[in-house]
Amino acid sequence: MASATVRFACVAVAALAASRAVGAFPGRAGAASLWCPEASVADGLEPVLQRLVAEGPHAYGDSGVPENTPPPWYDRKRFAAGQRLTEIYPVGITYAHIQALYMVMAVPSVLDVLVYTGNSDTPDEAWDRYYDTVAGVGSWYSSDIYEPGTWGYEQMKRVRGLHRMVRLDMNERPDQEGVRNRTRLGGNFSGCPASAAVRRDLDEVASSACPFRKRSPSAVDNTIDNKQDNEKPKSWMSQYDMAMTQWAFVAPVILFPEKYGLANATEELLDGFVHMWETIGYSLGIEDKFNMCQGGLNATLLRARQAMATIVLPQMRQARPPWEYMARCMADGLAYFIPGADFNSQLEIMLRDTLDAPVPSVTALLSPLQRESVKGYRGIMEAMRHDRENWFFRPVSSAAYYILKTRARLIPKDGIKLLRHRNPHRSKDCFAEIRS
Ligand code: HEM
């Protein structure tokens with residue numbers, strides 16, 4: 001009798017846990033429903049997003065709050081729940097961040113800044129730059145960002161300082177045309193076959209998701225200096241750019257947790273993740289009224305889904321060679337460390353597997369070796385989905401964290417990089433004209 005009671009209790013607890021795990025909670029989107037922007041805002045644009053689009057590009061990107069003081073709404077328990085999620089699923093979450101960076105780089109005002117600083121426009125530099133980004137974000141996932149002396153505290157000061165320096169440099173240039181002229185990537189790109197393939201495929205996907213929509217023009221300018229890029233934002237690295245980058249770190253994780261193997265992510269953990277990013281965004285200078293993550297998990301899910309459908313995916317449908325060039329540099333750089341992470345296979349996985357988009361033209365770009373690499377990634381993702389508590393991947397990621405931490409200690413505290421400090425070289429398959 002006693003054992004039957006215990007068994008019943010176990011089953012009940014398991015059922016309760018399952019019902020709170022990721023497959024069950026409401027509000028997440030099937031990727032397919034994201035391709036029709038009009039349908040995604042049929043009930044109106046979410047108010048924070050509406051404000052962000054209307055006012056955000058003109059709003060200076062740093063609220064001026066001190067980076068070492070928590071916001072008045074800071075909830076230590078929720079923040080810790082967010083850190084717990086990253087501790088259980090570091091591999092899946094890091095992979096989501098990598099895919100999201102490809103996506104957000106399609107937003108021209110974000111891409112412009114990366115091109116301007118020239119710190120990620122070759123595979124070598126991109127490797128260094130994104131390694132440091134992962135280290136910075138990893139520090140916030142694993143230490144108290146408000147406790148002086150911790151890794152997270154030091155990285156917060158450092159990143160806020162980097163942003164401040166670049167923002168001042170760009171915004172205070174008397175000759176704004178000079179901002180673009182200072183970039184070392186010239187206007188013309190050669191090769192870059194994926195941009196046209198992405199445009200062709202995604203236009204098709206959007207048209208069938210949304211048949212009443214007009215197709216977007218397929219001819220897209222091949223240069224950085226096209227009109228869309230030249231419509232310079234009122235403020236460089238504005239609140240809009242900051243919140244869209246915050247979107248990148250949060251949205252894919254909460255919209256598609258199962259795609260990244262976060263099989264046991266409960267509402268509580270995902271809500272904690274959202275709050276953690278609400279807090280990080282605050283300390284990086286995002287104003288509360290533009291903060292993508294305010295209002296908890298469900299409010300953020302709606303906002304994240306609408307931002308994806310109305311801003312990010314429409315920009316990806318206009319994929320341009322400068323985006324492809326910078327994304328290729330990032331992929332080639334990451335491939336130094338992550339085997340098989342070449343651009344074509346990563347693009348295929350992001351579009352076909354994460355976003356459920358049939359992409360025949362992108363698939364046609366894959367070499368036989370890249371097809372094998374895609375299969376390998378699919379196998380790993382499948383294994384991650386079955387490894388619900390991440391027992392297998394946890395030791396791998398602990399080792400990666402250790403390496404990150406050790407290397408991050410070597411970066412001098414005030415080591416703000418000089419802009420455009422190295423000799424350029426080329427990314428395979430997609431070449432930029434380099435200005436001398
Ligand atoms: C929530 C938003 C953001 C987060 C979490 C974030 C995170 C980071 C991190 C961790 C670094 C350090 C990387 C390193 O040490 O090289 C960094 C540097 C940098 N970030 Fe951000 N960032 C955000 C928003 C933005 C935005 C909106 C832009 C531009 C539009 C931007 C542009 C840069 C630049 C230019 C650097 C210096 C390295 C370089 O020149 O590429 N960031 N960011």
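## Exercises on helix packing and burial

Helix α13 is followed by G285, whose phi is positive, near 105 degrees. Helices here are DSSP runs of H or I with at least four residues and strands are runs of E with at least two, numbered from the N terminus. The model is predicted, so local features need pLDDT of at least 70 and side-chain atom pairs count only at pLDDT 80 or more, while totals for chains, interfaces and linings use all residues. Residue numbers start from 1 along each chain as its sequence is written.

**Exercise 1.** Determine how the end-to-end span of α13 compares with the expected span, and how many of its residues are buried.

*Solution.* Step 1: the expected span is 1.5 Å times one less than the number of residues. Step 2: for the 17 residues of α13 this gives 24 Å, and the end C-alpha atoms are 24 Å apart, which agrees. Step 3: a residue is buried if 20 or more other C-beta atoms (placed from the backbone) lie within 10 Å of its own, exposed if 12 or fewer, and partly exposed in between. Step 4: 15 of the 17 residues of α13 are buried, so the helix is largely enclosed by the rest of the structure.

**Exercise 2.** Describe how α4 and α13 pack, and which residues meet.

*Solution.* Step 1: two packed helices are described by the angle between their axes and the distance between the axes. Step 2: axes are lines fitted to C-alpha atoms, for helices over the stretch in contact, with angles from 0 to 180 degrees between N-to-C directions. Step 3: α4 (residues 76-88) and α13 (residues 267-283) pack at about 110 degrees, with axes 6 Å apart. Step 4: α4 is therefore roughly perpendicular to α13, since angles under 35 degrees count as roughly parallel, over 145 as roughly antiparallel, 65 to 115 as roughly perpendicular and the rest as oblique. Step 5: residues are in contact if their C-beta atoms, placed from the backbone, lie within 7 Å; those of α4 include F79 and L85, and those of α13 include F273 and M276. Step 6: the contact residues divide into eight nonpolar, five polar and four charged, where Ala, Val, Leu, Ile, Met, Phe, Trp, Tyr, Cys and Pro count as nonpolar, Asp, Glu, Lys and Arg as charged, and the others, Gly among them, as polar.

**Exercise 3.** State at what angle α7 and α15 cross, and which residues make the contact.

*Solution.* Step 1: the axes of α7 and α15 (residues 321-334) come within 7 Å and cross at roughly 75 degrees. Step 2: α7 is therefore roughly perpendicular to α15. Step 3: P123, D124, A126, W127 and Y130 of α7 make the contact with C329, M330, D332, G333 and L334 of α15. Step 4: by class, this contact has seven nonpolar, one polar and two charged residues.

**Exercise 4.** Identify which residues of α10 are buried and what covers them, then place S207.

*Solution.* Step 1: the buried residues of α10 are A194, S195, A197, V198, R199, D201, L202, V205 and A206. Step 2: their cover includes α14 (296-316), α15, α16 (343-354) and α17 (360-364). Step 3: S207 lies in α10 (residues 193-209) and is partly exposed, with 16 other C-beta atoms within 10 Å. Step 4: S207 and C36 are 171 residues apart in sequence and 8.1 Å apart in space, C-alpha to C-alpha.

Terms used: Contact = placed C-beta atoms within 7 Å.
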